[in-house]
Each structure stands twice: as structure tokens, then as C-alpha cells.
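Welcome to a short tour of a protein chain. Have the viewer ready, and let us start with a single side chain before widening the view.

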Amino acid sequence: MVIHFTRGSSQETETRTMLGGFYLSSPHHASRDTPCPKCGYQTKTEGVTQTCLDCFLYGGYLYLFEYGVSPAFFLAKARGGTCTIASSDSTEAILRRAFFLLKKGFGGYHLFKNNCEDFAMYCKTGLLLVRTSIMSVGQSGQATSLLAAAGAIVSSSLVFMITSLCGLALVGCAMYCVSRYVSDIGVRCDVTKVSVKKVPMVVKEDWVGEIIS
């Protein structure tokens with residue numbers, strides 16, 4: 001069984017239209033005509049849900065996300081959303097968070113600030129973004145890598161007139177790597193360990209929160 005955070009059917013359509021089929025999160029199942037014989041799942045709803053692995057994958061593939069990797073390993077992974085420098089907590093802590101949020105929820109789904117990767121990374125590490133702005137993104141490595149790529153393209157275009165194509169590629173690659181690195185939850189200064197009981201108060205519809213110790 002898999003506990004995961006999913007967007008609603010209407011958001012699925014909007015996301016496909018906006019991104020042309022590019023997914024920032026792991027494969028999400030679609031609505032079924034009949035209940036799943038394994039888990040009883042039928043209708044896709046937004047929020048934290050529990051389904052069998054088959055319903056979660058829905059024909060997709062299962063990939064391993066790595067925690068506690070070295071900075072060199074992290075930078076060597078050109079694709080975002082595959083690893084993080086942050087270390088994973090114990091299995092007991094991970095399950096406790098997941099089952100608690102299955103009952104209490106994880107706020108509203110947002111493609112860039114509160115998606116399924118944000119949920120999974122919180123359950124694994126206990127780290128949560130507690131100070132956000134309109135232009136910021138959540139912990140999702142896929143979301144930050146997309147914005148890093150966009151930033152690298154813009155930055156590279158600014159030096160197009162003063163560098164060779166090779167130099168342009170190197171500058172763009174360097175900008176992308178640096179942006180990915182500083183956006184990782186293992187090095188960000190705007191994330192902190194948050195008790196799972198405080199999560200429903202922190203993760204709100206506007207994705208703005210602050211922890212007061």
C-alpha cells in the first residue's frame with residue numbers, strides 16, 4: 001500500500017494543459033470505472049490518500065529517490081527530483097508522519113509549492129518550508145529544477161553576445177547546477193524540522209506559514 005499526496009481530477013486536466021503533458025511529480029492514477037479489487041480505490045480525489053501500488057503507478061514505473069547523497073553526487077544528477085542531500089529519518093518516524101497526514105491532510109495541492117514530492121520529502125525528512133513568497137517554490141526537486149533551467153536559459157541569453165557557444169553552454173550548465181544545489185532542502189535556510197502535529201497549521205491554502213518555537 002502507498003500513502004501519497006495527489007491532485008484532483010480537475011487539476012490534472014489543468015496541469016496537462018499548462019505544461020503540455022510534462023509532469024512535475026510521480027505518475028498519478030486516473031479514475032477507475034470499477035473499484036480496485038485490492039484497495040477499493042475508484043474515484044480520484046485531491047489530498048492524501050492510500051492506494052495499492054498498482055493504482056498508484058497506473059501503468060507507470062517505480063523509481064528510487066535517494067536521500068543523504070553527497071554534494072558531488074547531487075550535482076552529477078542532471079535531472080531534478082531524483083535525490084537530495086537531506087538525510088532520511090527512521091522508518092518509524094516516516095510511517096508516523098504518513099499515517100497522521102492521511103487523517104489530517106497536507107493542505108491544498110499546488111504544482112510548484114505543495115505537490116506529491118513535497119509530501120514525500122516531508123514524511124522522509126521532517127523538513128518543511130516555513131517561509132514562502134509569491135515567487136518561491138516548495139521542496140520539490142522537480143519543480144526547482146524546472147525553474148533552475150528557466151533561469152539558466154535567461155541568464156545565458158544575457159551573455160550571448162560576449163561568449164562562444166561553448167562558453168554559453170558552460171555558463172548555462174553552471175547556473176543550472178548552482179540553482180539546483182541552493183534549492184535543495186538539505187542546504188536551504190528556509191526549511192526546518194516541523195512536528196507532524198503542526199503541519200496542518202503550517203500548510204495552508206496560500207502556502208504561507210511560520211513556525212514559532
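Tyr-181 counts as partly exposed, because its relative accessibility of 29% is neither under 20% nor over 50%. Please keep in mind that this is a predicted model. Tyr-181 sits in helix α7. Setting aside neighbours within four places in sequence, Tyr-181 is in contact with Pro-71, Phe-74, Leu-75, Ile-85 and Val-187. One of these pairings spans a good stretch of chain: Tyr-181 and Ile-85 are 96 residues apart in sequence, with 9.0 Å from C-alpha to C-alpha.

A few steps along the chain comes Asp-184, in the loop between α7 (165–183) and β4 (191–193). Which side chain of opposite charge is nearest to Asp-184? That is Arg-180, at 6.6 Å, and Asp-184 has no salt bridge although it is buried. A salt bridge would need a side-chain nitrogen within 4 Å of a carboxyl oxygen. The side chain of Asp-184 does reach the backbone nitrogen of Gly-186, at 2.9 Å. Not counting residues up to four places away in sequence, Asp-184 touches Phe-74, Cys-83, Thr-84, Ile-85 and Ala-86. Phe-74 and Ile-85 also appear among the contacts of Tyr-181.

Cys-83, one of the residues touched by Asp-184, brings us to the cysteines. The table sets it beside another cysteine and the tyrosine we began with.

| Residue | Relative accessible area | Class |
|---|---|---|
| Cys-83 | 4% | buried |
| Tyr-181 | 29% | partly exposed |
| Cys-189 | 69% | exposed |

How many disulfides does a search of the whole structure find? The count is zero.

Now to helix α5, residues 116–125. Eight of its 10 residues are buried, so α5 is largely enclosed by the rest of the structure. The buried ones are Cys-116, Glu-117, Asp-118, Phe-119, Met-121, Tyr-122, Cys-123 and Thr-125. Both ends of this helix are worth a look. At the N-terminal end, Asn-115 acts as a cap, with a side-chain oxygen 2.9 Å from the backbone nitrogen of Glu-117. Just past the other end, Gly-126 takes a positive phi of about 80°.

From α5 it is natural to turn to the nonpolar interior. In soluble globular proteins, nonpolar side chains tend to be buried together. Here the largest nonpolar core has 20 residues, and those with the most contacts inside it are Phe-5, Leu-101, Phe-106, Phe-119, Tyr-122, Leu-128 and Val-199. At least two residues of this core come from each of β1 (2–6), α4 (91–104), α5 and α8 (199–202). Which of these elements gives the most to the core? The answer is α5, with four residues. Apart from this core lies another, of six residues, including Ala-86, Leu-127, Ile-185 and Val-191. Ala-86 is also one of the residues touched by Asp-184. Back in the largest core, Val-199 touches Leu-101, Phe-106, Tyr-122, Leu-128 and Val-194, again leaving out residues up to four places away in sequence.

Finally, let us step back to the whole protein chain. Its secondary structure comes to eight helices and four strands, following the pattern β-α-β-α-α-α-α-β-α-α-β-α along the sequence. Of its 213 residues, 43% are buried. Among contacts with a separation of 6 or more, residues 24 or more positions apart account for 66%.

Definitions and conventions. Residues numbered from 1 in each chain as written. Predicted model: local features only at pLDDT ≥ 70, side-chain atom pairs only at ≥ 80, totals over all residues. Heavy atoms only, no water. Buried < 20%, exposed > 50% of the residue type's maximum accessible area, 1.4 Å probe, protein only. Polar contact = N/O pair within 3.5 Å; in protein donor to acceptor, adjacent residues only side chain to side chain. Lys, Arg positive; Asp, Glu negative; His and termini not counted. Contact = heavy atoms within 4.5 Å. Disulfide = S-S within 2.5 Å. Core = buried A, V, L, I, M, F, W, Y, C linked by side-chain atoms within 4.5 Å.
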